[in-house]
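Work through the exercises below with the model open. Try each task before reading its solution.

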Amino acid sequence: MCGIGGLLLKRHPSADPRSLAGPLGASLSHRGRDGTGSFSDQWISLHSARHAVIAVDDARQPMFDRERALVMVGNGEVLNYRELSRRLPDHRRHRMPPGDLQVALELCAERGTPAFEDLRGPFALAVWDTTAHHLTLVRDRLGERPLYYYDSPELFAFASEIRCLTACLRGEDLPLDPVNALAFLGLGRLTDNRTLYRDIHSVPAGGVLRIGPGHAGPRLAASLTPVSGLRTTPADETEIGHLIDQAHRRALVADRPVAVGFSGGIDSSAVLQAALAHAEPAAAVTVFSARHPDEDENLRRARALARKFGVDLREVPFRIPSLDATVDLLNSTLDAPAAEPLVLHNDALHRAARDHSAVLLGGHGADEVFGGYVRYAALRADAVGSTTEEWMATSLWERWNRTAGWSKFVTDFGRDALAARTAALGDTLDRPFPYSTAEHTDPVLFGQALDLFVLMTYDNFRATDENGIARGVEVRSPFFDIDLVAGVFSLPAERRIRPGAPKHLLRGVFSGTPLAEEFTEPKVGFDDHFSYSDWMTDNWPDFSATITEGPLNDLGILRDGAFTDLEKFDWRLLWRLFSLSTWLDREGRPPVAHG
């Protein structure tokens, strides 16, 4: 896992890109402390800061293919690289430098962009062709690793984080997009590949962009086959068991010890069991409520199961930080504002894990993949005779209801001048996404896919990546393996979800073990042990002042009097108002784009 970035001059090089890229290289340093590297020619300057996990002492970036025609920097890993290396011709394998990304580069040199189809893992790659003078950017299908770009007539820039781009583009006009800011407040995420800056965009998940000198702008050269297209026949339960095992083995591919975030639930228990079977986990770490430890069900379960696993449990007490400490945490570890305060808990876990390992495995994503949320069963039971979108409009689950209520939010809070521009956001469900066509035939699958491919992207993949690497750990989850997702999602709803037996497919990994009957208690979310609304009330004078006296007043996106009766707002909206205000202050209150 690394931080990567680069600058490409699009016209005849009248300036040395190395002189422009100094701030970019320096801004990447927090994403990797195991070495830096750079490459420059007359057109491009590439930079990398490495957080070494595979081939720790040997792999270096930027890397060159065997014939030194291609140069690459990459973030993340290709977890099936050993299998892929066997597909390379002998002349490319001979004396090939070590590392997973080196294998990916040699495959790209041999087969071109179709080689990206076979890569498995969380990755974002940038490949410069020194002969054809074109740059290729690609992200994994889930978009687990961030990658952003800026384009102007003179130059093209990309980086792992937006703040790295703004650091090197101080001379460029970078206005804030008020519609995107409103979308963050109303939806808790940004639609399509937008960011809060009008002219900075995200490389689409599974997208392959290409740009070169003289090009008007980046073009979508290809799109990786969506997860929904990876299978033509449904899996059976035996194959699902194999895919779960394969996913765990892939997630454990590392040349440094791994730690496991362990809550005592079935998801993290499956991860811990695999780590004990195939590796030597450096630690099992759990975060619990320091305020009410005796009432923390997760802590009780984690302690009991740790004894059965025979592992020492590293227990980390957690309290919601003070207001000042929260602002510092958001500003120092996140690239963009956080839509949910769960990042505070994750930060405590990441800081504890870094004392034991550079890699942290977790069970996040299992509820989406294996249908663990109660809402999926409710959707299956209640969606008969109505569309999924109609069902979501009356759903009590906040994020789905927020999506369905987007128009009302704009009417209640947005200025009239923005009403027409919000229509440019299009369908707030971001169609198409994999399995979006299942809305009528399998509404449960539609809901699972909406969660996994749309809603998790902004505040799970992105914020987890940013906070984890800022704290010195790479965070992985076996359940984001695309072959596993494709296998499970190939099953009809009645085989994916069984009433009274949540996540029965995942329970199969404990068959024949002493833990087979352990997971019978209802799921307890971490949020159940904390009251973020109480925390806001306890800090109300300073918390509310951050919103009412902050930069949101100058954006021109909210109606006059929008902050009247702030105390009556839902705590989630209050958090987003607070988080966006904090981010705007950190960014120096950027100018707002008009028209």
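**Exercise 1. A strand between two partners**

This is a predicted model. Strand S13 (residues 258-261) and strand S16 (residues 359-361) run parallel and are joined by three bridges. Find which residue in S16 is the bridge partner of Ala259, then follow the chain from S13 to S14.

Solution.
- Step 1. Start in S16: the bridge partner of Ala259 there is Leu360.
- Step 2. Turn to strand S14 (residues 283-289), which is joined to S13 by three bridges and runs parallel to S13. Here Gly261 stands opposite Val285.
- Step 3. Trace the connection. The chain leaves S13, passes through helix H8 (residues 266-278) and enters S14; this β-α-β crossover is right-handed.
- Step 4. Check the faces. In a regular strand, side chains alternate between the two faces of the sheet. In S13, Val258 and Val260 lie on one side, Ala259 and Gly261 on the other, and all are buried.

**Exercise 2. An open sheet**

Give the strand order of the six-stranded open sheet and identify its edges.

Solution.
- Step 1. The order is S2-S3-S1-S9-S8-S10, with antiparallel pairing.
- Step 2. Strand S2 (36-40) and strand S10 (200-202) are the edges, since each pairs on one side only.
- Step 3. From one strand to the next, the twist averages 15°.
- Step 4. Look at one edge. Three bridges join S10 to strand S8 (residues 148-151), and the two run antiparallel. Tyr150 has Ile200 as its bridge partner in S10.

**Exercise 3. A buried arginine**

Examine Arg139 in strand S7 (residues 134-139). Which side chain of opposite charge is nearest?

Solution.
- Step 1. Arg139 is buried.
- Step 2. The nearest side chain of opposite charge is Asp140, 5.8 Å away. A salt bridge needs the nitrogen and the carboxyl oxygen within 4 Å, so Arg139 has none.
- Step 3. Look for a backbone partner instead. The backbone oxygen of Val203 lies 2.6 Å from a polar atom of the Arg139 side chain.

**Exercise 4. Three salt bridges**

The whole structure holds 45 salt bridges. For each of three pairs, give the separation along the chain and the burial of the partners.

Solution.
- Step 1. Asp483 and Arg120 pair with their closest N and O atoms 2.8 Å apart. They link distant parts of the chain, 363 residues apart: Asp483 is in helix H19 (residues 482-489), and Arg120 is in the loop between helix H4 (100-111) and S6. Both are buried.
- Step 2. Arg351 and Asp347 meet at 2.7 Å, N to O. Both lie in helix H11 (residues 342-353), four residues apart, about one turn of the helix. Arg351 is partly exposed because its relative accessibility is 34%. Asp347, at 1%, is buried.
- Step 3. Asp554 and Arg589 form a salt bridge at 3.7 Å. They sit 35 residues apart, Asp554 in the loop between helix H23 (540-548) and helix H24 (571-586), Arg589 in the segment after H24. Asp554 is exposed, with a relative accessible area of 57%. Arg589 is partly exposed, at 40%.

**Exercise 5. Buried or exposed?**

Classify Thr131 and Ser85.

Solution.
- Step 1. Thr131 lies in the loop between strand S6 (123-129) and S7. Its relative accessible area is 64%, so Thr131 is exposed.
- Step 2. Ser85 lies in helix H2 (residues 81-85). Its value is 14%, so Ser85 is buried.
- Step 3. The Ser85 side chain reaches the backbone oxygen of Arg82 at 2.7 Å.

Terms used. Residues are numbered from 1 along each chain as its sequence is written. This is a predicted model: local features need pLDDT of at least 70, side-chain atom pairs count only at pLDDT 80 or more; totals for chains, interfaces and linings use all residues. Side-chain values use heavy atoms; hydrogens and water are left out. Two strands pair if DSSP finds at least two bridges between them. Axes are lines fitted to C-alpha atoms, for helices over the stretch in contact, and angles run from 0 to 180 degrees between N-to-C directions. Buried means under 20% relative accessible area, exposed over 50%, partly exposed in between (1.4 Å probe, protein chains only). Lys and Arg count as positive and Asp and Glu as negative; His and the chain ends are not counted. A polar contact is a pair of N or O atoms within 3.5 Å; within protein, one must be able to donate a hydrogen and the other to accept it, and residues adjacent in sequence count only if both atoms are side-chain atoms. A crossover is right-handed if, with the strands pointing away from the viewer, the path from the first strand over the helix to the second runs clockwise.
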